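Colleague: I'd like a close look at one part of this model, the sheet and the aromatic rings around it. Could you walk me through it at bench level?

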Amino acid sequence: MTGAGEVREQVTREQATKDPRKLRGDAPLLDGWLRVTEQAEAGRLTPMSVPGHKQRTDLTGAVTAGDAPLYGGLDTIKHADHLLADGERRAARLWGADWCRFSVAGSTHGNQALALAAGQPGQPIVVTRALHRSLLLGLVLAGLDPVWVLPEVDPATGLPGPVPVAAVEAALAAHPDACAVFLGDPSYVGTIGDLAGHAAAAHQAGVPLLVDAAWAAHLGFHPDLPPHALAAGADGMVTSAHKALPAYTQGALVLARTGQARTGQAGGGQAGGGLLDADRLNRAFEATHTTSPAGAIMASIDAARALLARDGAELCGRLLRVVAQAKQQLRAEPGLDVLDGPGVEPTKLVVLLAGTGAHGNRVEADLIAAGMPVEMADRDTVVPIVTLADDEDTMTRFTTTLLEAIRRHRGEPRRPLPAAAWLITPEPAIPPREAFFLPHITLAATAAVGRVSAELVAPYPPGVPVLAPGEVITSAALDALRATLADGGRIAYAADPSLATFQVVAKK
Ligand SMILES: Cc1ncc(COP(=O)(O)O)c(C=O)c1O
């Protein structure tokens, strides 16, 4: 083949690897990213705008390859909003929403945006105490006063189940001025609650149901999967595209049914209950989002949405199949079990080790050494994340390696112990926002017991605060945190992660 033919073939090959499933026709942001990166690679771009790497890889190297801003990269600064609105409208339509925004700052930002949109400073909000720390900080930002509802913990597994609808109903009855109900569903371990029941309870009280569905961007896209939160009746939901879908790290979506048909971000979804305001949602979203969103992240959310729309049922079908096979194979091992049943999201794989005597941290270390890092491991549990990107091959390799590791570390079977995050009985003293801003002092751990925490302390994962600002530091919380640390867990966000000291609110 001669020069021109070779070049044409190379271009076609590169396009095939850059968009192997040919999604760009239905993904305007992906199309923008492909155009700008093709232009840069062809040497036809001399940007006099940010980012400072100017598409060169000879300074900081390949680490910036493929980076292009949304504004001035995927499209001109003056026109990129139209591209973004088009991508978001398509996502709104897919999820049956009428408002959608793409975030480059994860469900962390999404939770904070919904909290900022939910009510007025000082207003109560009914919230699960198994919340992710990002939502707790959202309550601090918004000045909302949490009325905690607790999930049930299954004594057989030590793992959290759903928050009962009756608990939400009681909280709403006791706080008729509450502005919303904010739950996390599915839970970190994949347990699912009665979202339709929660939606009915919230709507009966005239408030929206908001759901942190960080792990559940794939739900609703196969008949054997539970519906997603909006389809179950929620008014707003947050989900991480980078968790369950093949999107760039940090990519997330915030979706809502406002009932307000709008141009701009509006899609053609089913009508919502009118309990959320689209303008307020936009203000809240923009308040804490960067003004320089990474185009590759935005484009990957758009691409993941286009993939889900066209191939979602097929890919979710494969996911359901490989997880079911893995569960069957793991259960055949003596003493080993997996979390399963009607109350569990069927693509979630939570490995229960107690009956094998193996310690999850040792199993995890072997998996890391084999190049198979998992999302979470503690003494009794290993949580790998299985997604649309997995297939028979990756699952078989994983289960084989996991079983070998468990066999290497077998010991005396034991009763599972609930992790610190699931044991919390909060003792709220003052609202989180007040505690966050009050002067604080540092005390030795034992002297801090009985005082009001100024800080948020969470074993991570799962990132559920054991101590929240404004809560009394109880000896039970201190013991649970110390046990986590002693067992090799990571204590995050504490000023002193060794737990020798705590920051408490100073007495007046
Ligand atoms: C339940 C829950 N919500 C929100 C988040 C934050 O998500 P992101 O990492 O996308 O910011 C996490 C992170 O693990 C989570 O588990």
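To start with one side chain: is Trp99 buried or exposed, and what is its relative accessible area?

Modeller: Keep in mind that this is a predicted model. Trp99 has a relative accessible area of 1%, so it's buried, given that the cut-off is under 20%. This tryptophan sits in strand S1, and S1 is an edge strand of the sheet, as is strand S3 (145–149), with each pairing on one side only.

Before the sheet, the rings. If you pair up rings whose centres lie within 6.5 Å, you end up with five aromatic pairs. One of them is Trp95 with Phe221: their centres are 5.4 Å apart and the planes meet at 85°, so this pair is edge-to-face. It brings together distant stretches of chain, since Trp95 is in the loop between helix H3 (80–94) and strand S1 (99–103), while Phe221 is in the loop between strand S7 (209–212) and strand S8 (236–240), 126 residues apart. Trp95 is buried, at 2% relative accessibility, and Phe221 is buried too, with a relative accessible area of 12%.

Now back to your Trp99, which pairs with Phe285. Here the ring centres are 6.5 Å apart and the planes are at 75°, so this one is edge-to-face as well. This pair also links distant parts of the chain: Trp99 belongs to strand S1 and Phe285 to helix H9 (residues 278–287), with their positions 186 residues apart in sequence. Phe285 has 0% relative accessibility, so it counts as buried.

On to the sheet itself. It's an open sheet of seven strands, and if you trace across it you meet them in the order S1-S9-S8-S7-S6-S2-S3, with mixed pairing. The edges are S1 and S3, and from one strand to the next the twist averages 20°.

Let's step inward to S7 and S8. These two strands run parallel and are joined by three bridges; Leu210, for instance, has Gly236 in S8 as its bridge partner. Helix H7 (residues 195–204) lies across strand S6 (181–184) and S7, and runs at about 145° to S7.

Next comes S2. Strand S2 (residues 124–128) is mostly covered, with five of its five residues buried. Pro124, Val126 and Thr128 point one way from S2, whereas Ile125 and Val127 point the other way, and all of them are buried. That fits a general rule: in a regular strand, side chains alternate between the two faces of the sheet.

S2 has a partner on each side. With S3 it pairs in the parallel sense over five bridges, and Thr128 stands opposite Val149 in S3. To get from S2 to S3, the chain passes through helix H5 (residues 133–142), making a right-handed β-α-β crossover. With S6, S2 again pairs in the parallel sense, over two bridges, and the bridge partner of Val126 in S6 is Val181.

One last ring for your notes is Trp215. Lys243 lies over the face of Trp215, at 4.4 Å from the ring centre, and Lys348 also lies over the face of Trp215, at 4.7 Å from the ring centre.

Notes: Residues numbered from 1 in each chain as written. Predicted model: local features only at pLDDT ≥ 70, side-chain atom pairs only at ≥ 80, totals over all residues. Heavy atoms only, no water. Phe/Tyr/Trp six-rings, centres within 6.5 Å; stacked < 30°, edge-to-face > 60°. Helix = DSSP H or I, 4+ residues; strand = E, 2+ residues; numbered from the N terminus. Buried < 20%, exposed > 50% of the residue type's maximum accessible area, 1.4 Å probe, protein only. Lys NZ or Arg CZ within 6 Å of the ring centre and 35° of its normal. Pairing = 2+ DSSP bridges. Axes fitted to C-alpha atoms, helices over the stretch in contact; angles between N-to-C directions. Contact = heavy atoms within 4.5 Å. Right-handed = clockwise from strand over helix to strand, strands pointing away.
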